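Colleague: I would like to learn how to read the main features of a fold. Could you walk me through one case?

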Amino acid sequence: MTHILLVEDDKSIVTNLTEFLQKEGFSITAVEGQAKALSLLEKSAKQFDLLLLDVSLSDGTGYAICRAAKSTTNLPVIFLSASGDEYSVVTGLDLGADDYISKPFRPRELVSRIHNIMRRYGKANTLLEYKNLHVDIVRGTVYKDGKEIILSALEYRLLLYFINNKGIILSRQKLLDALWDIAGEFVNDNTLTVYIKRLREKIEEHPQTPILIKTVRGIGYKMGD
């Protein structure tokens with residue numbers, strides 16, 4: 001799984017972007033300023049695959065983090081900034097940044113740029129696996145026992161959410177919130193029941209006695225131990 005260090009001091013952006021990227025199959029570590037980011041990179045830069053840096057931070061700039069990272073590692077860097085002026089773009093690229101995206105940005109465009117950069121660096125981790133399931137997150141395809149199965153968009157997102165939260169009990173409300181965010185429209189409790197039933201019918205050997213997506217009585221659902 002691609003591990004991203006997100007350096008951003010806007011808490012709402014951190015919360016929303018972290019949740020979105022996790023749903024897309026990324027692992028996220030978020031810190032809020034230059035000092036914390038530099039300290040983390042000094043101690044454990046090797047755990048990260050990509051840096052996602054805001055330019056303007058409360059205690060410095062993303063430029064300083066980029067400069068430090070590029071001096072000792074080969075980590076790819078994408079800058080996030082409210083400023084799209086030529087000087088800011090050129091400064092970031094001159095420091096070795098791989099890409100630059102101005103706020104507000106479209107999350108799916110950011111994901112596409114991340115995938116492109118990871119492929120360029122030969123670090124693309126495009127496959128998620130759980131037991132007999134394999135998910136290609138670049139192509140958006142799912143395989144069961146080596147054979148492709150066709151999922152609707154929301155079934156696919158629901159499966160990704162379960163895989164990215166293996167071992168965690170997910171309440172029905174948390175799943176409803178996730179589907180609502182993905183669909184951009186209200187998803188009710190009955191709809192969730194229908195989607196889980198349909199997903200089980202496609203991925204489980206015996207949908208009536210599921211072993212991949214288990215029901216936790218009175219709480220919700222869980223994938224994995």
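Modeller: We go from overall form to the cores, then to local backbone features. Keep in mind that this is a predicted model.

Colleague: How many helices and strands does the protein have?

Modeller: The protein has 8 helices and 14 strands.

Colleague: What radius of gyration does the protein have, and what would a compact globule have?

Modeller: A compact globule of 225 residues would come near 17 Å; the protein has 19 Å, which agrees. The C-alpha trace spans about 60 × 35 × 30 Å along its principal axes.

Colleague: What share of the contacts joins residues 24 or more positions apart?

Modeller: Such pairs make up 59% of the contacts with a separation of 6 or more. Buried residues account for 46% of the 225.

Colleague: What about the surface and its charges?

Modeller: About 11,500 Å² is exposed, and carbon and sulfur atoms supply 51% of that area. The protein carries 29 positive and 29 negative side chains. The centres of these two sets lie 6 Å apart.

Colleague: Now the interior. Which residues touch the most other members of the largest nonpolar core?

Modeller: The general idea: in soluble globular proteins, nonpolar side chains tend to be buried together. Here the largest nonpolar core has 31 residues. Val135, Leu158, Leu159, Phe162, Leu175 and Ile203 touch the most other members. Elements giving two or more residues to this core include β8 (127–130), β9 (133–136), α7 (172–183) and α8 (189–203). The largest share, 8 residues, comes from α6.

Colleague: Which residues is Leu175 in contact with, leaving aside its neighbours within four places in sequence?

Modeller: Leu175 contacts Leu158, Tyr161, Phe162, Leu170, Leu192, Ile196 and Tyr221. Apart from this core lies another, of 20 residues; Phe48, Val77, Phe79 and Ala97 are among them.

Colleague: How should I read unusual backbone geometry?

Modeller: Start from the norm. Most residues other than glycine have a negative phi, and most peptide bonds are trans. Then look for departures.

Colleague: Which peptide bond is cis?

Modeller: The bond from Lys103 to Pro104 is cis, with omega near -10°. Pro104 sits in the loop between β7 (99–102) and α5 (107–120).

Colleague: Where are Lys131 and Asp145 found?

Modeller: Lys131 is in the loop between β8 and β9. Its phi is positive, about 50°, although Lys131 is not a glycine. Asp145 lies in the loop between β10 (141–144) and β11 (147–149). Asp145 also has a positive phi, about 55°.

Colleague: Is Lys131 buried or exposed?

Modeller: Lys131 is exposed, because its relative accessible area is 55% and the cut-off for exposed is over 50%.

Notes:
Residues numbered from 1 in each chain as written. Predicted model: local features only at pLDDT ≥ 70, side-chain atom pairs only at ≥ 80, totals over all residues. Heavy atoms only, no water. Helix = DSSP H or I, 4+ residues; strand = E, 2+ residues; numbered from the N terminus. Rg over C-alpha atoms; globule rule 2.2 N^0.38 Å. Buried < 20%, exposed > 50% of the residue type's maximum accessible area, 1.4 Å probe, protein only. Contact = heavy atoms within 4.5 Å. Areas by Shrake-Rupley, 256 points an atom, 1.4 Å probe, with all protein chains shown as cover. Lys, Arg positive; Asp, Glu negative; His and termini not counted. Charge placed at Lys NZ, Arg CZ, Asp CG, Glu CD. Core = buried A, V, L, I, M, F, W, Y, C linked by side-chain atoms within 4.5 Å.
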